[in-house]
Amino acid sequence: MWVFLLMMSLLLWPVAAATARSDVKPGCQDKCGNVSVPYPFGILERSCAMNKHFFLNCRSGADGQPQLLFGRNMPIHNISQLNGTVTVSLYTAFDCYNKTAWYWKNTSVTLGSGPFMFSDTRNVFTGIGCDTYAQVTNEDRTYGAACLSICTEYVSMSDGNPCSGSGCCQTSIPKGLKSLNISTLSYDDHTKVLEFNPCGFAFLVDRNSLKLSDWPLSRKPKDENDEYRTDAVIEWVVENKTCEQAKANPSAYACGTNANCTYPEIGQGYRCSCNEGFEGNPYLQEGCQGKLVIAFWYDLIITNNYAYAGYVVPRCLLSCSVFIKIIFFVGSILRFESGKR
């Protein structure tokens with residue numbers, strides 16, 4: 001029985017410590033405020049990022065707290081190394097009429113030359129209003145789309161609203177979109193619906209975060225410069241190369257040990273993922289470590305009042321931490337010694 005108890009103590013106590021892994025390069029900061037910044041992204045020191053495209057700005061916000069920014073003015077809420085996404089906050093475009101004047105604000109965003117693009121599967125272009133024409137183009141004006149929302153009486157903006165053109169309209173964006181110019185206009189300056197809908201809004205938004213109940217038709221800016229923000233999703237790849245092209249240059253190949261090159265659904269570039277049986281950050285050289293899969297069983301073969309326990313079988317014998325290898329080694333010795341009795 002003492003073998004069983006010893007094995008249990010060896011197994012249960014160190015699991016959390018043995019499986020703890022870092023998502024950043026040694027000596028680099030892993031958070032900006034409460035937002036985790038996994039490699040290939042980096043902050044504070046340029047050497048902490050894979051290259052200049054993944055170097056992010058971490059600075060004090062208006063409230064004095066650290067704020068992580070994409071570019072100059074896009075606050076980041078989340079970075080997913082696994083999904084290859086960055087969730088950012090974007091300004092909305094709007095146009096309003098207040099009986100004496102018409103005021104509006106358009107919004108423009110560009111992701112630059114790096115391997116970033118707005119997600120066509122996660123985002124949807126949305127217009128809100130009863131006299132609203134919402135349009136979006138890219139910086140080069142090689143792409144454009146629009147939707148129209150018209151209504152003559154108040155429409156409840158519930159989360160179940162299908163956004164089919166009455167109070168709300170939506171349209172998709174194409175793959176690979178790297179810039180946005182968003183604007184709205186009103187055919188009648190909202191005069192026919194002014195009592196309940198003085199403004200129209202247009203924005204790109206993550207489908208999963210959009211709550212139409214937050215956009216009642218009566219909503220308007222507190223003043224002419226008070227812009228609202230919505231969450232949108234940016235997708236990224238390591239670089240716009242095929243896996244074959246990337247592997248042909250080992251010094252620039254982004255995938256670490258026990259990791260493999262993969263193609264994302266966006267149809268361009270490549271990302272990295274840990275091989276089966278491994279987990280961690282595939283962009284770090286030794287980021288993918290073997291999973292601690294404990295095949296611990298105890299059929300408890302009782303011989304002469306002696307309890308014979310099973311043993312630990314990590315799938316990661318060649319890549320486990322030294323501590324886990326020691327556990328396996330000790331467990332094997334104990335099992336061997338118990339088998340001689």
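This note takes up the two sheets and the two largest pockets of a predicted model.

1. The seven-stranded sheet. Seven strands make up an open sheet of mixed pairing, and their order across the sheet is β3-β4-β5-β6-β7-β18-β11. At its edges stand β3, at residues 42-43, and β11, at residues 116-118, each of which pairs on one side only.

2. The pairing of β7 with β18. Within this order β7 is followed by β18, and the two strands, covering residues 85-91 and 229-236 respectively, run antiparallel and are joined by seven bridges. As one point of reference for the register, Thr-85 has Glu-235 in β18 as its bridge partner.

3. The four-stranded sheet. Another open sheet consists of four strands with antiparallel pairing, in the order β10-β16-β13-β14. Because β10 (107-110) and β14 (144-150) each have a single partner strand, one side of each of these edge strands is left without a neighbour in the sheet. From one strand to the next, the twist in this sheet averages 15 degrees.

4. The pairing of β13 with β16. Strand β13, which spans residues 131-137, is joined by five bridges to strand β16, which spans residues 179-185, and the two run antiparallel. Here the register can be followed from Thr-137, whose bridge partner in β16 is Asn-181.

5. The largest pocket. Which residues lie nearest the centre of the largest pocket? They are Lys-52, His-53, Phe-70, Gly-71 and Leu-111, out of a lining of 17 residues, and the volume of this pocket is about 320 Å³. The lining draws at least two residues from each of β4 (55-60) and β5 (66-70), and it is β4 that gives the most, with three residues. Both of these strands also belong to the seven-stranded sheet, where β4 is followed by β5 in the strand order. By class, the lining comprises seven nonpolar, eight polar and two charged residues.

6. The second largest pocket. The second largest pocket has a volume of about 250 Å³ and is lined by 17 residues, with Tyr-39, Met-50, Ala-252, Tyr-253 and Ala-254 lying nearest its centre. How many residues of its lining are nonpolar, polar and charged? The lining has 10 nonpolar residues, together with five polar and two charged ones.

Note on methods. Residues are numbered from 1 along each chain as its sequence is written. This is a predicted model: local features need pLDDT of at least 70, side-chain atom pairs count only at pLDDT 80 or more; totals for chains, interfaces and linings use all residues. Side-chain values use heavy atoms; hydrogens and water are left out. Two strands pair if DSSP finds at least two bridges between them. On a 1 Å grid over the protein atoms alone, a cavity is a set of points where a 1.4 Å probe fits but cannot get out, and a pocket is an open set with protein on both sides within 12 Å along at least five of seven lines; lining residues have an atom within 4 Å of a point. Grid points are joined across faces, edges and corners, and a volume is the space filled by probe spheres set on the points. Ala, Val, Leu, Ile, Met, Phe, Trp, Tyr, Cys and Pro count as nonpolar, Asp, Glu, Lys and Arg as charged, and the others, Gly among them, as polar. Axes are lines fitted to C-alpha atoms, for helices over the stretch in contact, and angles run from 0 to 180 degrees between N-to-C directions.
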